[in-house]
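User: I'd like a close look at one part of this model, and then some idea of how the rest sits around it. Here's what I have open on my screen.

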Amino acid sequence: MAVEQTSTISWYLRMFSYLLMICGLFGLAVGGVVIYGAFADGAATTTGLPLSALVLGVTAAVANGITIAAGVLGRAASRNPGRAAALRSLALAGVVASVFWLGLCYATGGQLPTSLIFNLLLMAICVVIAGNLGKSAQ
């Protein structure tokens, strides 16, 4: 029974890891576009640096970089359940980073971006799946 449960959790983790990698790459591209928009057309020299756009772009890039790393580590943990603890730690770091960046975006007067909220949700789900995999592997 435990072997069947572990294989089911591993399958879900593998599919979820692919989702994390795809969403992370998409978010990284969006972050790059936002950073480019903050500096494009001389906006930084004529009207001052649009701080909220720059913060949003950097936060999206960093948070989605953690998401990509969690996806790669999740793929490895789906094959080797012993890595579930490392995945859970990285996913918790992703949750903390997303909350921090959301607070920073709010503090700079920008809107709360739905991409970071979605990233927070993905990282929270990853924490739960990694925790379940770690419990079932014991």
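In which helix is Phe 118 found? Please start there and work outwards.

Analyst: Phe 118 is in helix H5, which covers residues 114–137. Keep in mind that you're looking at a predicted model, not an experimental one.

With a relative accessible area of 41%, Phe 118 is partly exposed, because that value falls between the 20% cut-off for buried and the 50% cut-off for exposed. Now look across to Cys 23. Along the chain, Phe 118 and Cys 23 are 95 residues apart, yet their C-alpha atoms are separated by 9.4 Å. Cys 23 itself has 18% relative accessibility, so it counts as buried.

Since a cysteine has come up, you may be thinking about disulfides. Searching the whole structure turns up zero of them. Cys 126 is another one to click on: at 0% relative accessibility, Cys 126 is buried. Cys 105, in H4, is on the buried list for that helix too.

Next, H1, which runs over residues 2–39 and holds Arg 14. Is that arginine buried or exposed? Arg 14 is buried, because its relative accessible area of 18% is under the 20% cut-off. Not counting neighbours within four places in sequence, the contacts of Arg 14 are Arg 75, Ser 78 and Arg 79.

The aromatic rings are worth a look as well, and the structure holds two aromatic pairs. One is Trp 11 with Tyr 12: their ring centres are 5.2 Å apart and the planes meet at 75°, an edge-to-face arrangement. Trp 11 is partly exposed, at 44% relative accessible area. The other pair is Phe 100 with Trp 101, with centres 5.0 Å apart and planes at 65°, so this pair is edge-to-face too. The two partners there fall into separate classes: Phe 100 is partly exposed at 49%, whereas Trp 101 is buried at 16%.

Trp 101 also brings us to H4. This helix has 24 residues and spans 34 Å from its first C-alpha to its last, close to the 34 Å expected at 1.5 Å a residue. Its buried residues include Ala 84, Leu 87, Ala 91, Gly 94 and Ala 97. Further along H4, Ser 98, Trp 101 and Leu 102 are buried as well. Just past the end of H4, Gly 109 has a positive phi of about 90°.

Stepping back, the protein has five helices and zero strands, and its elements read α-α-α-α-α from the N terminus on. Of its 138 residues, 36% are buried. Among contacts between residues at least 6 apart in sequence, 72% join residues at least 24 apart. As for the outside, the accessible surface is about 7500 Å², and carbon and sulfur atoms account for 71% of it.

How far should you trust the picture? The mean pLDDT for the protein is 80, and 86% of the residues score at least 70. Among the elements, H4 (residues 84–107) has the highest mean pLDDT, at 86, and H2 (residues 43–46) has the lowest, at 54. Predicted coordinates should not be read in detail where pLDDT is low.

Conventions: Residues are numbered from 1 along each chain as its sequence is written. This is a predicted model: local features need pLDDT of at least 70, side-chain atom pairs count only at pLDDT 80 or more; totals for chains, interfaces and linings use all residues. Side-chain values use heavy atoms; hydrogens and water are left out. pLDDT is the predictor's confidence in each residue, from 0 to 100. Helices (H or I, at least four residues) and strands (E, at least two) are DSSP runs, numbered from the N terminus. Rings of Phe, Tyr and Trp (its six-membered ring) pair if their centres lie within 6.5 Å; planes under 30 degrees apart count as stacked, over 60 as edge-to-face and the rest as tilted. Buried means under 20% relative accessible area, exposed over 50%, partly exposed in between (1.4 Å probe, protein chains only). The expected span of a helix is 1.5 Å times one less than its number of residues. Contact means heavy atoms within 4.5 Å. A disulfide is a pair of cysteine sulfur atoms within 2.5 Å. Accessible areas come from the Shrake-Rupley method with a 1.4 Å probe; for residues, only the protein chains shown count as cover.
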